[in-house]
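Please take a look at the structure below. Then read on for a short tour of some of its parts.

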Amino acid sequence: MVQARYQTAFRLYPYAKVADQAASTPRRHPVVIIGGGPVGMGLALDLGKKGIPCLVLDDHDGVGMGSRAICFAKRTLEICDRLGCGEQMVQKGVVWNLGRVYRGEREVYHFNLLPEEGHKRPAFINLQQPYFEQCLVEEIRAEQAKGAPVEIRGKNRLIGLEQKDDHVLIQVDTPDGPYEIEAEYLVACDGASSPTRDLMGLGFDGRTFEDNFLIADIKMKADFPTERRFWFDPPFNRGKTALMHKQPDRVWRLDFQLGWDIDRAAEIDPDKIKSRVAAMIGKDIDFELVWTSIYTFRCASMEQYRHDRVFFAGDSAHQVSPFGARGCNGGMQDIDNLAWKLAMVINGQADDSLLDSYHEERKYGADENIRNSSRTADFLTPRNPAHVLFRDAVLDLVEHYEFALPLVNSGRLSTPCTYDGSSLNSMDALPNGPMRSRPGSPMPDAPIEDGYLLDYVATGRFSVLGINCDLPEHIQLKSYTLPCLSLRSERDVLAERYLGEAQSAVFLIRPDQHIAGRWPELNTLALEHAFETATGGS
Amino acid sequence: MSKLNLSPNLEDTDGFYEGLLNAHNGLKDADIHALNARLILILANHIGEQDILEEALSAASAALKRD
């Protein structure tokens, strides 16, 4: 039996009996992914496009109800562009750049998230999580039609696993009863209450924040501006905070801080919620409730994201508060990081030690997300009178003096992680090169003659970018072929982001579009050494 | 190496101290705290350098401990 844990919004992969269930000995799969949420499906798509056979096991047969994650960051869209489905998401999503912060009824300040031109993708789109997942699954279906070796099994629940020398033995339950399979690698993308983590008896330490928040997603015809609006101490939620955010389909995300000691049953009552909403948007505006939820949050992380042949990605590995949109966006950076490493190791192009760098780099990224998200939570939910004192002082000062603006913390929105200090980076060898394209950085996008830079980077493999250098079409390093992209640049945005004061530059680009090394000109020996370093050699 | 200046540095020591006391005269407890919080934030912004501010926080905490 596989009990439903939640309602599904779209049924995308109904249960079907497969040959593995009748096999006399367990079938072996190169990669088994537990959980078909955005992180699991993103990983399956990435691996499938690279030709790595992978099997997704999901204990439901579709996408869960409720908008849940709604803010998808530029970096996530760039990853989805690489995976082939960024455009569909942007078409469906609501683009926003402007945020306003209010105290009481007065606007304290506003900010533009992307004051900089020259990026294909906006800073953020708002899109309900079910649509985001649907785009990923549709792209998997399109890739499957072209022969990508991805399989999704709905209503297949993980009920046991055992690490062996060269594989993981997995027990799976289905509507037709249990069966066993083997995985060379297992990736747990099964969420904050990860059954994989529980089955392995692994810890998930962190801080719980003593506060409750109510989400009310409502549908209404009224036209509020496409902005993120955040209130401290609004008249409709005195002494607390509130948030208003637009989603596609005329749906709006409203978020009310409730405090710690609440009567949960009373607060989730639809009539009570409707009166809260009416107080916020105005009594004359018609609306309907689409989805409501009361949540508390914690910031937690596993100690290790790799346990031999088992990897943890997304919320199963780390959990953050929702402020800053660092949950799903962080998870997508996990799979961006893991997919190419698994593919190279499975293809025999890199040593197993490359997989250790997944933990190294993504734990670093998760720590950054947890740090930012905890700081926001501390600002929004002061824990003692001294915290209240300073929070109120900041909010007062901001109305008098500009210096206090950056101290107001209503969410530090997700930005891509730069893997400073990663063992895969080569020493920065470009004198006076721009900070933002130093080794470890995700490539900054830039306009080029025929569009945008990131669209021209070879997908799914290491490549070389040369600016004002004549590179061959390919560079052969032993058995690995690096495609080269040669561009000219002078005093333009590309130069500002990639050359700085240098006349020319050569970059080694990882399959996840992070920069592994940079030099003023092509030096094949240095490139070869950097490639070895970036693939886990020394 | 310490960057925080813990040697006498005020241009007008007694004048500053007098002003500090005057600013607090007649305030209720809650306002005393509120004033000091604002003052700390204003001065911290002026200093700006994170390592100096961290040293100042440590120095203040250390001076709070009594034997």
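The report below walks through a sheet, two helices, some single residues and a surface patch. This is a predicted model.

**The open sheet**

Start with chain A. Eight strands form an open sheet there, in the order β8-β7-β15-β16-β17-β14-β18-β21, and the pairing is mixed. Which strands are the edge strands? They are β8 (106-112) and β21 (318-319) of chain A, and each of them pairs on one side only.

Now look at one end of this sheet. Strand β7 (residues 98-103) of chain A runs antiparallel to β8(A), and six bridges join the two. One residue pair can be picked out: A:R100 has A:H110 in β8(A) as its bridge partner.

A helix also packs on the sheet. This is helix α7 (residues 270-281) of chain A. It touches β14 (205-220), β15 (228-232), β16 (241-247), β17 (251-259) and β18 (287-301) of chain A. The direction of α7 makes about 95° with that of β18(A).

**A covered helix**

Turn next to helix α2 (residues 74-83) of chain A. How many of its 10 residues are buried? Nine are, so the helix is mostly covered; buried here means under 20% relative accessible area. The buried residues of α2(A) are A:K74, A:R75, A:T76, A:L77, A:E78, A:I79, A:C80, A:R82 and A:L83.

What covers them? The cover includes α1 (38-49), β5 (71-73), α3 (86-92), β9 (124-126), α4 (129-145) and α8 of chain A. After α2(A) comes A:G84, with a positive phi near 100°.

Helix α8 brings in another residue. A:D336 sits in helix α8 (residues 328-346) of chain A. Leaving aside neighbours within four places in sequence, A:D336 is in contact with A:D46, A:R75, A:I79, A:R82 and A:D512. Among these contacts, A:R75, A:I79 and A:R82 are buried residues of α2(A). Is A:D336 buried or exposed? Its relative accessible area is 2%, which is under the 20% cut-off, so A:D336 counts as buried.

**Residues compared by accessible area**

The table lists four residues with their places and their relative accessible areas.

| Residue | Place | Relative accessible area |
|---|---|---|
| A:R27 | strand β2 (residues 27-34) of chain A | 39%, partly exposed |
| A:D233 | loop between β15 and β16 of chain A | 30%, partly exposed |
| A:D336 | helix α8 (residues 328-346) of chain A | 2%, buried |
| B:F16 | helix α1 (residues 13-24) of chain B | 42%, partly exposed |

A:R27 has partners from other parts of the chain. Not counting residues up to four places away in sequence, A:R27 touches A:A19, A:D20, A:E180, A:I181 and A:E182. A:A183 is 156 residues away from A:R27 along the chain, yet their C-alpha atoms are separated by 8.5 Å.

**Positive phi in loops**

A:D233 is not a glycine, but its phi is positive, at about 55°. A:N468 is not a glycine either, and its phi is positive, at about 60°. A:N468 lies in the loop between β24 (463-467) and β25 (474-477) of chain A.

**A patch on chain B**

Finish with chain B. Which residues make the nonpolar surface patch of about 420 Å²? They are B:L10, B:F16, B:Y17 and B:L21. Why can B:F16 belong to such a patch? Patch residues need over 30% relative accessible area, and B:F16 has 42%.

Methods:
Residues numbered from 1 in each chain as written. Chains lettered and ligands numbered in written order. Predicted model: local features only at pLDDT ≥ 70, side-chain atom pairs only at ≥ 80, totals over all residues. Heavy atoms only, no water. Patch = residues over 30% accessible without salt bridge, like charges linked within 9 Å, V, L, I, M, F, W, Y side chains within 5 Å. Areas by Shrake-Rupley, 256 points an atom, 1.4 Å probe, with all protein chains shown as cover. Salt bridge = Lys/Arg side-chain N within 4 Å of Asp/Glu carboxyl O. Helix = DSSP H or I, 4+ residues; strand = E, 2+ residues; numbered from the N terminus. Buried < 20%, exposed > 50% of the residue type's maximum accessible area, 1.4 Å probe, protein only. Pairing = 2+ DSSP bridges. Contact = heavy atoms within 4.5 Å. Axes fitted to C-alpha atoms, helices over the stretch in contact; angles between N-to-C directions.
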